[in-house]
Amino acid sequence: MNATTRFCARIVGTGMYVPEKVLTNADLEKRIDTSDEWIRTRTGISERRIASKEESSSVLGLHAARAALKDAGLEASEVDMIIVCTSTPDVLFPATACFVQRELRASRAAAYDVSAVCSGFVYGLSIAEQYLKSGRYRHILVIGAEVNSRIVDWDDRSTCILFGDGAGAVVLRREEVAEPVGVLSTHIYSDGSLSELIHVPGGIGLNGFSGGAIDPKQYCIHMMGNQTFKVAVKRMSEVCREALAFNGMEVDAVSLVVPHQANQRIIDAVTEKLAIPAGKVYVNIHKYGNTSAASIPIALCEAREAGRIGEGDLVLLSVVGAGLTWGAALLRW
Ligand code: ACO
């Protein structure tokens with residue numbers, strides 16, 4: 001590397017996988033007191049995917065990882081680190097990333113999970129960015145994988161309509177270039193005082209396991225939807241502005257915004273606040289619902305395949321999730 005070149009962290013492969021089983025709003029109408037019209041107008045969701053019994057987060061993540069490696073033209077043995085972003089890990093431990101590492105036979109990769117719920121992928125990207133820009137590693141696989149259907153209360157109509165299962169993955173490569181490309185910057189935040197807005201109260205570390213009866217509802221998503229909605233719009237728009245300002249860019253320079261797919265109305269409110277036209281926003285929430293940490297990498301993969309992202313494009317990612325956590329990333333493709 002000479003004085004004019006620097007290390008960059010560039011996405012060189014994307015992949016995704018969603019389970020075959022489709023659960024439509026019409027299917028939900030048969031199970032709970034809701035309507036297709038309510039779900040579509042309040043959320044933008046028409047259907048979501050549901051994992052089979054055999055499909056855990058590591059299984060979904062493995063499919064997505066294989067696709068991303070193929071897209072990058074990379075062997076698993078060349079991967080230095082595997083980060084799985086998930087809030088539905090296969091087991092308490094070992095990390096879901098270790099199961100992916102085993103199946104890929106990624107013999108030299110470090111592997112661990114990141115728990116930042118819907119913000120997970122941008123958190124994972126931020127970690128990968130540091131390792132690559134510091135020159136420590138050359139190839140990192142960041143995967144977002146979720147089986148939300150396992151932690152949804154199917155009797156709670158205000159949450160069960162929102163979530164779906166799936167996985168997306170990216171391969172990042174360290175490159176030495178004169179002009180910055182790839183991940184220009186990441187910006188991640190948290191506010192634990194808002195932890196009760198969205199949470200799964202059950203666990204092991206707080207109460208231990210008594211061997212007594214377990215209340216399954218404690219292992220389901222509890223959400224204060226309305227309050228979450230407001231804080232999501234505020235935090236996502238703030239952090240998008242910060243990412244642009246940090247890089248000395250104006251909103252007009254953005255080619256495509258890939259927001260976390262939580263609710264169409266949140267996406268609309270954020271992009272309206274930022275004065276970004278709808279044509280520059282990638283949306284697939286109607287097909288998959290909220291796939292939590294998988295939502296951004298799935299959307300990135302689809303956007304690339306649809307020709308919505310090309311070389312040199314400026315792509316803005318933004319997320320919000322339980323924690324509360326939120327973040328943004330600005331990428332030069
Ligand atoms: N069908 C029909 N009616 C419903 C349904 C449903 N599925 N769900 C709720 N309602 C009713 C409520 O009972 C309420 O009825 P009431 O007025 O008689 O009391 C009415 O609809 C309005 O309820 P609200 O909760 O105020 O509806 P809102 O417009 O806020 O939409 C929603 C709810 C979709 C959950 C919305 O608040 C939202 O998307 N919030 C943000 C979710 C989010 O972004 N989460 C972040 C990421 S998730 C993560 O990190 C795991």
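A residue is called buried here when its relative accessible area is under 20%, with only the protein chains counted as cover. Keep that cut-off in mind throughout the tour, and note that the model in your viewer is a predicted one.

**Stop 1: helix 10**

Begin by selecting residues 295-305, which form helix 10, a mostly covered element in which nine of the eleven residues are buried. If you colour the helix by burial, the residues to mark as buried are Ser295, Ile296, Pro297, Ile298, Ala299, Leu300, Cys301, Glu302 and Ala303. Then step just past the end of helix 10 to Gly307, where phi takes a positive value of about 75 degrees.

On the other side, select Ser292, which sits in the loop between helix 9 and helix 10. Ser292 is not a glycine, yet its phi is positive, at about 55 degrees. With a relative accessible area of 2%, Ser292 falls under the 20% cut-off and therefore counts as buried.

**Stop 2: the ligand and its shell**

Next, centre the view on the ligand and display the 25 residues around it, of which Thr34, Arg42, Cys118, Asn226 and Asn263 come nearest. Three polar pairs are worth drawing as distances. The side chain of Thr34 places an N or O atom 2.7 Å from a nitrogen atom of the ligand, and a polar side-chain atom of Arg42 lies 2.7 Å from an oxygen atom of the ligand. For Ala322, by contrast, show the backbone, since the atom to pick is a backbone N or O that lies 3.0 Å from an oxygen atom of the ligand. Taken alone, the ligand would expose 1,000 Å², and the protein buries 75% of that area.

Which elements give two or more residues to the shell around the ligand? They are helix 2 (36-43), helix 6 (157-160), helix 7 (225-246) and helix 8 (264-273), with helix 7 supplying the largest share, four residues. Colouring the shell by residue class gives twelve nonpolar, nine polar and four charged residues. Colouring by domain instead shows that domain 1 (6-177) and domain 2 (182-332) each contribute at least three residues to the shell.

**Stop 3: the largest nonpolar core**

Keep helix 7 and helix 8 selected, and extend the view to the largest nonpolar core, a set of 42 residues in which Ile161, Ile266 and Leu316 have the most contacts. The elements that give two or more residues to this core are helix 7, helix 8, strand 12 (314-321) and strand 13 (325-332), and helix 7 gives the most, with eight residues. Where does this core lie with respect to domain 1 and domain 2? Both domains give residues to the core, so it lies between them.

**Stop 4: two cis peptide bonds**

From the core, follow strand 12 into the loop that leads to strand 13, where Leu324 is found. The peptide bond from Gly323 to Leu324 is cis, with omega near -5 degrees. A second cis peptide bond runs from Phe93 to Pro94, with omega near 5 degrees. To locate Pro94, select the loop between strand 4 (81-85) and helix 4 (96-104).

**Stop 5: the loop between helix 8 and helix 9**

Finish with the loop between helix 8 and helix 9 (285-288), and pick Ala275 there. Is Ala275 buried or exposed? Its relative accessibility is 60%, and Ala275 therefore counts as exposed. Its phi is near 60 degrees, a positive value in a residue other than glycine. If you draw a line from the C-alpha atom of Ala275 to that of Ser87, the two atoms are separated by 32 Å, for residues that are 188 apart along the chain.

Pro277 lies in the loop between helix 8 and helix 9 as well, and it is partly exposed, with a relative accessible area of 48%. As a last distance, join the C-alpha atoms of Pro277 and Leu256, which are separated by 9.8 Å, with the two positions 21 residues apart in chain numbering.

Key
Residues numbered from 1 in each chain as written. Predicted model: local features only at pLDDT ≥ 70, side-chain atom pairs only at ≥ 80, totals over all residues. Heavy atoms only, no water. Near = heavy atom within 4 Å. Polar contact = N/O pair within 3.5 Å; in protein donor to acceptor, adjacent residues only side chain to side chain. Areas by Shrake-Rupley, 256 points an atom, 1.4 Å probe, with all protein chains shown as cover. Nonpolar A, V, L, I, M, F, W, Y, C, P; charged D, E, K, R; others polar. Domains from an automatic or database assignment. Buried < 20%, exposed > 50% of the residue type's maximum accessible area, 1.4 Å probe, protein only. Core = buried A, V, L, I, M, F, W, Y, C linked by side-chain atoms within 4.5 Å.
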